[in-house]
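Student: I'd like to test the labels on this one against their cut-offs. Take me through the reasoning, one term at a time.

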Amino acid sequence: MREVMDELMQWWSAGETVGVGTVVGTWRSAPRQAGASMLVGPGGEAVGSVSGGCVEGAVYELSQEVVETGRPVLQRYGVSDDDAYAVGLTCGGILDVFVEKVSRETFPELGDVADDIAAGRPVAVVTVIEHPEPTWVGRRVVVHAEDEGDDDTSVLGSLGSGRADDAVRDDARGLLAQGRSAILTYGPDGERRGEGMRVFVAAHAPKPRMLVFGAIDFAAAVARVGGFLGYYVTVCDARPVFATKTRFPGADEVVVKWPHDYLQNEVDEGRIDSRTVIAVLTHDPKFDVPLLEVALRLPEVAYIGAMGSRRTHEDRLERLREAGLTDDELARMSSPIGLDLGARTPEETAVSIAAEIIALRWGGAGERLAATEGPIHHHHPAHDNPLGH
């Protein structure tokens, strides 16, 4: 929903009604991930995409029907053995799309959700997409991260029973902490071991972080690519003459501080999580060795890459071993950084670093697709949409 939020809020604020189709489940080579949304505006405008063009026409028509009837629909789009073109998904994937009518009356909390997303506050929208009792379908609750106050202050709306609200609140917070959207299955009244009710948890966590250490020209290119990929990018260097916002317009923030001190402080403040990627571009032992001592001992981050030649890499490994790091800890470091693309310029190098981050995230091998066989999109259990607990 983040991609189409501006247009959705314009119509919502004006009191208009919008048809919204959201991908809630994907299988095999589905072109979009869960959470991708398409809007059909009051004048018939189409905004966003649920499949990259494959089934938009069908979702468009269904959205208009749902706006007319007011009854939300969960629709599956996949490949027919008789005619792959009959349903549009010639790629071989399967999509579950939930289509609903959104207005001030049906979704009064949307304004608060939009404010939370804009401010970077974690928020999850939990929607019933399947239930034995049709009147439950489309009900939703908005769940915020747990705070020190009463839990009721951080949950808006209700699915229809306290038991169901309590169950989805706890599970939604777990997904929110991971920054992951998913389908969850319960009994009709929220029973954890039951079946019959399925809900889609759309988790809107703050942007994942990219920490770029070393105020060099390569860092400027990496910062631009990181922003393009959706990261909140921080460039950090201890030298104030180089670490300036003017030199790094693509970064969200530029910090003048010793790299290892900055990283440790971010860890202590709880601002580093399993989605964080770290690019160490200093290739200077007095900066990168203390920094990597901290980074490689973190319990979990998505990526740690360090720039340098093969010779620099071997020297760095020796210094880190002397500092007490184990082989398992050293194995977490991608060094030399990036994939072998033959990159020479800072921009090309930034693409190779981004490619490695993407490959590690989704389980790709970094090979040319033309030289491989099998599915284009890799199965990655960490990003599945679970159908149960």
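Student: What makes strand 7 and strand 8 a pair, and which residue is the bridge partner of valine 142 in strand 8?

Tutor: The partner of valine 142 in strand 8 is leucine 156. Strand 7 (residues 140–144) and strand 8 are joined in the antiparallel sense by 3 bridges. Two strands pair if DSSP finds at least two bridges between them, so 3 will do. The elements themselves are DSSP runs: H or I of at least four residues for a helix, E of at least two for a strand, numbered from the N terminus. Keep in mind that the model is predicted: local features need pLDDT of at least 70, side-chain atom pairs count only at pLDDT 80 or more, while totals for chains, interfaces and linings use all residues. Residues are numbered from 1 along each chain as its sequence is written, and side-chain values use heavy atoms, with hydrogens and water left out.

Student: What is the strand order of the sheet with strand 8 in it, and why do strand 8 and strand 9 count as edges?

Tutor: It's an open sheet of 5 strands in the order 8-7-6-10-9, paired antiparallel. Strand 8 (155–157) and strand 9 (182–186) each have a single partner strand, so one side of each has no neighbour in the sheet. From one strand to the next, the twist averages 25°.

Student: How do you know that helix 3 packs on that sheet?

Tutor: By contact, meaning heavy atoms within 4.5 Å. Helix 3 touches strand 6 (123–130), strand 7, strand 8 and strand 10 (197–204), and its direction makes about 135° with that of strand 6. Such angles run from 0 to 180 degrees between N-to-C directions, with axes fitted to C-alpha atoms, for helices over the stretch in contact. Helix 4 (residues 162–178) also lies across the strands, at about 50° to strand 7.

Student: Why is strand 10 called mostly covered?

Tutor: Buried means under 20% relative accessible area (exposed is over 50%, partly exposed is in between; 1.4 Å probe, protein chains only). In strand 10, 8 of its 8 residues are buried, so the label fits. Met197, Val199, Val201 and Ala203 point one way, and Arg198, Phe200, Ala202 and His204 the other. On the pairing side, 7 antiparallel bridges join strand 6 to strand 10, with valine 125 opposite alanine 202. Strand 9 pairs with strand 10 over 5 bridges, also antiparallel, and threonine 185 has arginine 198 as its bridge partner.

Student: What makes strand 11 covered on both faces?

Tutor: Arg209, Leu211 and Phe213 on one side and Met210 and Val212 on the other are buried. Strand 11 (residues 209–213) pairs with strand 12 (residues 232–237) in the parallel sense, over 5 bridges. Phenylalanine 213 has cysteine 236 as its partner there.

Student: Back to helix 3: why is its crossing with helix 1 called left-handed?

Tutor: A crossing is left-handed if the near helix is turned anticlockwise from the far one by less than a right angle, and right-handed if clockwise. Helix 1 passes helix 3 in the left-handed way. The axes of helix 1 (residues 5–13) and helix 3 (residues 110–119) come within 11 Å and cross at roughly 150°. Met5, Leu8, Met9 and Trp12 of helix 1 meet Leu110, Gly111, Ala114 and Ile117 of helix 3.

Student: How many residues of that contact are nonpolar, polar and charged?

Tutor: They split into 7 nonpolar, 1 polar and no charged. Nonpolar covers Ala, Val, Leu, Ile, Met, Phe, Trp, Tyr, Cys and Pro, charged covers Asp, Glu, Lys and Arg, and the others are polar, Gly among them. Gly111 is in the contact, so it falls under polar.

Student: Which strands stand at the edges of the sheet with the order 3-2-1-5-4?

Tutor: That is an open sheet of 5 strands, antiparallel again. Its edges are strand 3 (46–48) and strand 4 (73–77), each with a single partner strand, so one side of each is left free of a neighbour in the sheet. The twist there averages 20° from strand to strand. Strand 4 is joined to strand 5 (residues 94–102) by 5 bridges, and valine 73 stands opposite valine 99.
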